[in-house]
Amino acid sequence: VKSYRIEMSAFIALLDQHFLAWLGHGVVIVCIAAVCSYGLRRGMMRLLRTVESLKNPYFSAMVQAARLPLSLLPWLLALDWLLNLARVSIDLPLLQVVPHLQRVSIIILLAWFLIAFVRKAYQHLQQQQFADGLLQVDSADLVYKLVLLLIIVSFGLMLLESIGISISGLLAFGGVGGLIVGLAAKSMLANIISGLILYFERPFHVGEKINVTNTPIQGWVKEIGWRQTNVLNFERQSVYVPNALLGTSAVINLSRITHRRIQSLIGLRYQDIDRLPAITQAITQYLRSNSALDQARPVEVQLVAYGASSLDVQIFCFCNCTDYQDFLHAREAILLKVANIVHEHGADFAFPTQTLDIPALTKQPYDEAIAVSGGSL
């Protein structure tokens, strides 16, 4: 406290001697900073209009991001100039931080420019490329977050280095701390790493329908996060699935199918076995002429088994449609037409029946029954 009072008294004594000279220089410096800031702001506005006429949104984003940092740069330089003048005139230890302040200001302005440019470029992607379907939302969002994280970490380390803090020791301590955190949060790190793998490999996207095998999880992907994925099931409930589970389980992407299979088993009566070859041939001809089916894939109509009460005929084919509702309509139309073909050939479908063979009672057991009952029958 005593040394601080001595420095402040020396500062007040010197201030009276050099105040007028410092004030004159300060007025000139502030005027120059104001003119430069105004000129840069006007020049950037003209440049922005020129760039917008070129229809290049990324150049426009760059100019817009640079407007404010450039307009602030003259004021920061002016402040640094004034502090340097004061340091020359006044021997105050507090003014020794001026060089550090200058470097910190430049680093902050540069980081400000880069973050603003990345944000504006990403906003353009959201408005144009996502709407046109040229980029996947989840992949672009991951790249955007990683770029922002890289900028913040890089410039944060530069700031620490500029103020005299050695980052080598910090990184070494961070490695040990990272090992400790990694052991304590193993499951969380596994989820995050699995999330990154999902982003890069892209087995599914937001809006697609998936089914996780050996689990009851089935529905539409609503959001892919860093740690978990939000799946909207058929009951319209949000199911939050850890990314580690998706990374270690087989995931069926139901939205990427190319065909839907129609496989049905019909049962005909045993008394219609003579009509069976004609029926199967007629059904095969109908399926071969159906435009809703993929003719490049197998079309099978065959007797496959003798059932308990029916002749089991299997119908096997592939529908061109991928939408589930269209598939239901196509399958319904095929099954109704098959029923008509069966009836046109004088046959019919079987239903479960059971035949009981009851032998007739003979006279001998009847006489024995009368004798036992004493003639009461």
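# Close-up views of the predicted model

**Figure 1. Two cysteines, Cys319 and Cys31.** Cys319 counts as buried because its relative accessibility is 2%, under the limit of 20%. The structure shown here is a predicted model. Cys31, by contrast, counts as partly exposed, since its relative accessibility is 44%. This value lies between the limit of 20% for buried residues and that of 50% for exposed residues. A disulfide is a covalent bond between the sulfur atoms of two cysteines. How many disulfides does a search of the whole structure find? The search finds zero.

**Figure 2. The protein chain as a setting for the close-up views.** The protein chain has eleven helices and eight strands. Of its 377 residues, 30% are buried. The chain exposes about 24300 Å², and 63% of this area is supplied by carbon and sulfur atoms. Among the contacts with a separation of 6 or more, 64% are made by residues 24 or more positions apart.

**Figure 3. The open sheet of five strands.** The strands of this sheet stand in the order 4-3-2-1-5, and their pairing is antiparallel. Which strands stand at the edges? They are strand 4 (238-242) and strand 5 (251-253). Each of these two has a single partner strand, so one side of each is left without a neighbour in the sheet. From one strand to the next, the twist averages 40°. Within the sheet, strand 2 (residues 218-224) pairs with strand 3 (residues 228-233) in the antiparallel sense, over five bridges. In this region Glu223 stands opposite Asn230, which belongs to strand 3.

**Figure 4. The open sheet of three strands.** Here the order is 6-8-7, again with antiparallel pairing. Strand 6 (260-268) and strand 7 (300-306) are the edge strands, and each of them pairs on one side only. Neighbouring strands of the sheet are turned by 25° against each other on average, direction ignored. Strand 6 pairs with strand 8 (residues 311-319) in the antiparallel sense, and nine bridges join the two. Leu265 stands opposite Gln314, a residue of strand 8.

**Figure 5. Helix 10 against the sheet of three strands.** Which strands does helix 10 lie across? Helix 10 (residues 324-344) lies across strand 6 and strand 8. Its direction is at about 25° to strand 6. The two strands beneath this view are paired with each other in the antiparallel sense.

**Figure 6. The salt bridge between Arg256 and Glu208.** The structure holds four salt bridges. In one of them the side chains of Arg256 and Glu208 meet, at 3.3 Å from N to O. The pair links distant parts of the chain, for its members are 48 residues apart. Arg256 is in the loop between strand 5 and strand 6, whereas Glu208 is in the loop between helix 7 (186-201) and strand 1 (209-212). Are the two partners buried or exposed? Glu208 counts as buried because its relative accessibility is 13%. Arg256 is partly exposed, because its relative accessible area is 39%.

**Figure 7. Salt bridges of Asp294 and Asp272.** Asp294 forms a salt bridge with Arg297, and the closest N and O atoms of this pair are 3.5 Å apart. Asp294 counts as buried, since its relative accessibility is 15%. Arg297 has a relative accessibility of 35% and therefore counts as partly exposed. Salt bridges with shared partners also join Arg269, Asp272 and Arg275 into one network. In the salt bridge between Arg269 and Asp272, the closest N and O atoms are 2.9 Å apart. Asp272 is buried, because its relative accessible area is 1%. Arg269 counts as partly exposed, because its relative accessibility is 25%.

**Figure 8. The surroundings of Asn290.** Asn290 has its place in the loop between helix 9 (276-288) and strand 7. The residue counts as buried because its relative accessibility is 15%, which is under the limit of 20%. Which residues does Asn290 touch, not counting those up to four places away in sequence? They are Gln295 and Ile334.

Notes:
Residues numbered from 1 in each chain as written. Predicted model: local features only at pLDDT ≥ 70, side-chain atom pairs only at ≥ 80, totals over all residues. Heavy atoms only, no water. Disulfide = S-S within 2.5 Å. Buried < 20%, exposed > 50% of the residue type's maximum accessible area, 1.4 Å probe, protein only. Pairing = 2+ DSSP bridges. Helix = DSSP H or I, 4+ residues; strand = E, 2+ residues; numbered from the N terminus. Axes fitted to C-alpha atoms, helices over the stretch in contact; angles between N-to-C directions. Contact = heavy atoms within 4.5 Å. Areas by Shrake-Rupley, 256 points an atom, 1.4 Å probe, with all protein chains shown as cover.
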